[in-house]
Amino acid sequence: MNEAVERLVDLRWPSQVKSAYDVVIIGGGGHGLATAYYLATRHGITNVAVIEKGYIGSGNSGRNTTIIRANYGIPEAVRFYQHSLEMYGRLEQETGRDVMHATKGLLWIAHSEAGVRQERARAEINTAFGSKTEYVDPKTIQDICPQLDMTGQGVWPIYGASYHPSGASARHDRVVWAYAEGAMRLGVHVHQRTAVTGFLRDGDRVVGVETTAGSIAAGVVVSAVGGHVTTLASMVGLRLPIRTHQLQAFVTNRYAQAFGPIVASSGLGVYASQPAKGEMLIGAEIDRAPAYAYDAGHSFLRSCAFRSIALLPFLRDLRVLRQWTGVCDMSADYSPIMGFTGVPNLLVTTGWGTWGFKAIPAGGEQMAELIATGRTPALIAPFALDRFANDRTMADRGSAGTH
Ligand SMILES: Cc1cc2nc3c(=O)[nH]c(=O)nc-3n(C[C@H](O)[C@H](O)[C@H](O)COP(=O)(O)OP(=O)(O)OC[C@H]3O[C@@H](n4cnc5c(N)ncnc54)[C@H](O)[C@@H]3O)c2cc1C
């Protein structure tokens with residue numbers, strides 16, 4: 001976090017780590033901080049510590065492509081993400097911070113008859129479960145986004161698309177800071193540069209954490225560590241249906257014209273949007289091999305640039321300014337995992353993979369309610385870990401990214 005932010009945002013860093021908290025949250029990303037914020041603001045639980053090994057937002061919450069949408073493929077997910085999307089719409093008013101929330105509309109393009117069927121089905125299921133999406137024809141697509149090459153360079157012609165008018169974006173690190181600030185104002189401790197290295201146990205129960213700043217006792221421990229979750233869970237012998245994969249993205253120099261919507265293509269495996277500074281922000285799919293490394297490769301850049309130019313030929317004239325990588329906690333069914341772990345007093349919020357930025361408000365709110373009441377709220381009950389043991393997985397691969 002740079003000096004300007006330190007001065008602009010009222011972050012009240014604690015002077016020392018206490019020996020005990022009611023709740024210890026591991027991970028100062030969006031999900032950990034939002035959980036702390038809602039514990040404090042909705043439930044009056046403020047004896048809470050967020051333990052972050054780097055700086056807040058240094059994980060995926062500060063590395064993502066900032067897309068907020070609710071156009072998922074199963075009813076449970078549509079309801080959950082729609083709730084989160086609506087919470088994002090109120091976040092500036094709630095926190096008093098400008099998180100640069102902007103509604104842009106999202107086009108999800110079909111390049112084949114099968115793609116058309118998929119996008120028609122997406123529109124139907126979204127609308128049926130409370131999130132507006134409509135199927136649009138090539139003429140309407142061109143009206144929404146004139147920069148698209150409707151022939152797809154003669155190889156990926158555009159047949160149609162689903163259009164999700166409430167698709168939006170927000171500035172990712174501002175979201176992190178807004179939640180941190182709101183939580184810290186009410187007395188939550190956020191400890192940066194402090195890593196959790198183990199758990200304190202009393203029999204089966206987790207009763208605290210070992211950290212690089214010493215042991216901390218806790219009534220409840222929540223793991224919100226993004227792509228590092230399997231490493232952390234293995235410290236208590238917990239196996240999760242998660243694999244960690246790299247996800248890369250890049251941004252170009254400024255595009256002189258306005259580029260209105262967010263555009264995604266499953267066929268080409270890319271998506272594009274224009275942040276407020278005018279650059280073009282391009283994202284893609286995860287790297288195939290599991291990895292915890294943060295290296296960003298040229299082969300990704302070459303392949304992703306080639307595919308995005310097929311969709312948006314003007315990108316050819318822009319230059320790549322930055323490329324980066326995050327490590328994503330990919331769940332086996334491409335849906336999140338929230339709640340009890342089977343290890344007493346240890347909760348988890350994970351499986352956020354390539355899609356968890358949009359879920360930060362609802363994920364934090366619902367986890368806070370679970371911690372405060374001891375009961376799983378109905379909205380996130382379908383995303384409990386025991387769904388894998390009970391053969392009730394929430395398979396939604398086609399909505400999680402540009403599959
Ligand atoms: C390139 C890219 C593009 C993406 N685009 C989108 C998008 O457009 N829309 C969308 O919805 N989602 C997107 N995502 C996914 C989204 O960013 C994540 O799902 C979300 O940010 C996860 O938040 P989190 O709080 O769970 O994890 P993180 O933000 O990763 O936070 C976890 C924190 O835990 C800390 N930590 C780890 N281990 C320890 C430890 N032992 N002790 C203490 N602290 C620890 C880490 O340092 C980190 O700060 C994208 C991700 C990437 C990488």
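How far apart do the C-alpha centres of domain 1 and domain 2 lie? In this predicted model, the separation comes out at 30 Å. The domain assignment builds domain 1 from three stretches of chain, 3-63, 172-242 and 333-400, while domain 2 takes up 102-167 and 243-326. Seven residues of domain 1 and eight residues of domain 2 make the contact. On the domain 1 side, the residues that touch domain 2 split into one nonpolar, five polar and one charged.

Next comes the ligand. Its shell counts 39 residues, and the closest of them are Gly29, Gly59, Gly226, Gly326 and Gly356. Sorted by class, the shell holds 14 nonpolar, 21 polar and four charged residues. Why does the ligand lie between the two domains? Both domain 1 and domain 2 give residues to the shell, so the ligand sits between them. In terms of secondary structure, at least two shell residues each come from α2 (30-43), β13 (242-254) and β17 (320-331). The largest share belongs to α2, with three residues.

Arg63 ties into this picture through its contacts. Setting aside residues up to four places away in sequence, Arg63 touches Trp324 and Gly326, and Gly326 is also among the residues closest to the ligand. Arg63 is placed in the loop between β2 (48-51) and β3 (67-68). Is this loop residue buried or exposed? Arg63 has 22 C-beta neighbours inside 10 Å, so it counts as buried; the cut-off for that label is 20 or more. There is also a long-range pairing to note: Arg63 and Gln248 are 185 residues apart along the chain, yet their C-alpha atoms are separated by 9.0 Å.

Met330 tells a similar kind of story from strand β17. With 24 C-beta neighbours inside 10 Å, Met330 counts as buried. Beyond its neighbours within four places in sequence, Met330 is in contact with Ile242, Arg243, His245, Ile286 and Gly353. The C-alpha atoms of Met330 and Gly227 are separated by 8.0 Å, although these positions lie 103 residues apart in chain terms.

As for the hydrophobic side of things, the largest nonpolar core has 116 residues. Those with the most contacts inside this core are Val23, Val24, Ile26, Leu33, Ala36, Val48 and Val263. Which domains feed the core? Domain 1 and domain 2 each supply at least three residues. In soluble globular proteins, nonpolar side chains tend to be buried together. Leu33 gives a good look at the packing: leaving out residues up to four places away in sequence, Leu33 touches Gly28, Val50, Ile56, Val176, Tyr179, Ala180 and Ala183.

Two pieces of β-structure are worth a closer look. One is an open sheet of three strands, ordered β3-β8-β4, with antiparallel pairing. Here β3 and β4 (102-103) stand at the edges with a single partner strand each, so one side of each has no neighbour in the sheet. Two bridges join β4 to β8 (residues 168-169), and Thr103 has Ala168 as its bridge partner in β8. The other piece is a hairpin of β18 and β19, with five residues between the strands. Strand β18 (residues 337-340) pairs with strand β19 (residues 346-350) in the antiparallel sense over four bridges. Met338 stands opposite Thr349 in β19, and in the turn Gly342 has a positive phi of about 95°.

Positive phi also turns up at residues other than glycine. Tyr334, in the loop between β17 and β18, has phi near 65°. Tyr334 is buried, with 23 other C-beta atoms within 10 Å. Met100 has phi near 60° and is found in the loop between α3 (75-95) and β4. How do its surroundings look, then? Met100 has 15 other C-beta atoms within 10 Å, so it is partly exposed.

Conventions: Residues numbered from 1 in each chain as written. Predicted model: local features only at pLDDT ≥ 70, side-chain atom pairs only at ≥ 80, totals over all residues. Domains from an automatic or database assignment. Contact = placed C-beta atoms within 7 Å. Nonpolar A, V, L, I, M, F, W, Y, C, P; charged D, E, K, R; others polar. Near = placed C-beta within 6 Å. Buried ≥ 20, exposed ≤ 12 C-beta atoms within 10 Å, placed from the backbone. Pairing = 2+ DSSP bridges. Core = buried A, V, L, I, M, F, W, Y, C linked by C-beta atoms within 7 Å.
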